[in-house]
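Biologist: Please give me a close look at a single part of this model, the sheet, and then follow what lies around it. A connected account would suit me better than a list.

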Amino acid sequence: MGKKSNVQAMKTLDGICRKAVSCRSCFSDFNLFPADIDIAQPRWVGPKYWQSHKKLVVIMINPGSGNFRNDSGARKTRDLLREYYKENKSLNEVFRFQRVDMENWGRGRRFLNFFENSFDLDLKEIGFMNLAWCATKDNQYPSIMLNECFWKHGIPLLQMLEPDYVLLCGSKTHRFSGNIEECLPNSKTIPTLHYAHREGYDREASEASRIKAVLAK
């Protein structure tokens, strides 16, 4: 398939994300409780994603709950997403806010340090996705929730994004490798560490070298 225009792609992406922010099935079906950010959180797709030479999507387990933040970021995220749900805000506005707020993701800026510095990725050219689009109270993410959200919202998103590579960050994401490659036979999955891992600098540097070598092929 030829490369999508940003306008066409964003329109399709917006439809997928709006369906996700309207979904609360995991909380009605699986006895889970919402976090402070009590609405699905679509994840950043860079403005140059569709024109990138090798499209990469990074998959992690879940979005931040906001329960433990000491600033106003969780409230601002929740309020913005509620306005997006009401169609008073655009997906681009959500992404612009996220890109600024990423500076605060992970203790010690670990999110940006991991992807931008260690893995040398350009955020303008990559996309992110969580297996669970909603945050839960006390960070409970049973397999039944991850499976439900992945098939209901994750697979449509991945099929739309058509990545060449899918970086699976964190052990709970690794088991989805076969499902992804079955649904996206032209994509290659790469299991790796979660950005908040506790395996030390040397392991992170080793993984970064391995990933960069794969993406350079």
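Modeller: Strand β3, residues 165–169, runs parallel to β4 and is joined to β4 by 5 bridges. Everything here refers to a predicted model. Two of the pairs between these strands can be named: L168 stands opposite P191 in β4, and C169 has T192 in β4 as its bridge partner.

On β3 itself, 5 of the 5 residues are buried, and the strand is mostly covered. Its side chains split into two sets: Y165, L167 and C169 point one way, while V166 and L168 point the other way. Such a split fits the general pattern, in which the side chains of a regular strand alternate between the two faces of the sheet.

Strand β3 also pairs with β1; these two run parallel and are joined by 4 bridges. Along this pairing, L56 stands opposite Y165 of β3, and V58 stands opposite L167 of β3.

Strand β1 shows a comparable burial. It is largely enclosed by the rest of the structure, because 5 of its 5 residues are buried, buried meaning under 20% relative accessible area. L56, V58 and M60 point one way from β1, V57 and I59 point the other way, and all are buried. Strand β1 pairs in the parallel sense with β2 as well, over 5 bridges, and there I59 stands opposite M129 of β2.

Put together, these pairings give an open sheet of 4 strands in the order β2-β1-β3-β4, with parallel pairing. The edge strands, each pairing on one side only, are β2 (126–130) and β4 (188–192). From one strand to the next, the twist averages 25 degrees.

Helix α5, residues 110–118, packs on this sheet and touches β1 (56–60), β2 and β3. The direction of α5 makes about 145 degrees with that of β1. Helix α9, residues 201–216, lies across β1, β3 and β4, and runs at about 170 degrees to β4.

One residue to look at here is F115. Leaving out residues up to four places away in sequence, F115 touches V58, M60, D120, L121, F128, C169 and Y195. Two of these contacts, V58 and M60, belong to the set that points one way from β1, and C169 belongs to the set that points one way from β3 with Y165 and L167.

F115 also stands out in the largest nonpolar core, which has 74 residues: F115 and L13 touch the most other members. Helix α6, residues 143–161, gives the most to this core, with 9 residues. As a general matter, nonpolar side chains in soluble globular proteins tend to be buried together.

A residue with another setting is N6, placed in helix α1 (residues 6–21). N6 counts as partly exposed because its relative accessibility is 29%, which lies between the limits of 20% for buried and 50% for exposed. Apart from neighbours within four places in sequence, N6 is in contact with P47, W50 and Q51. With Q51 there is a polar contact between side chains, at 3.1 Å. N6 and Q51 are 45 residues apart along the chain, and their C-alpha atoms are separated by 8.6 Å.

Definitions and conventions. Residues numbered from 1 in each chain as written. Predicted model: local features only at pLDDT ≥ 70, side-chain atom pairs only at ≥ 80, totals over all residues. Heavy atoms only, no water. Buried < 20%, exposed > 50% of the residue type's maximum accessible area, 1.4 Å probe, protein only. Contact = heavy atoms within 4.5 Å. Polar contact = N/O pair within 3.5 Å; in protein donor to acceptor, adjacent residues only side chain to side chain. Pairing = 2+ DSSP bridges. Axes fitted to C-alpha atoms, helices over the stretch in contact; angles between N-to-C directions. Core = buried A, V, L, I, M, F, W, Y, C linked by side-chain atoms within 4.5 Å.
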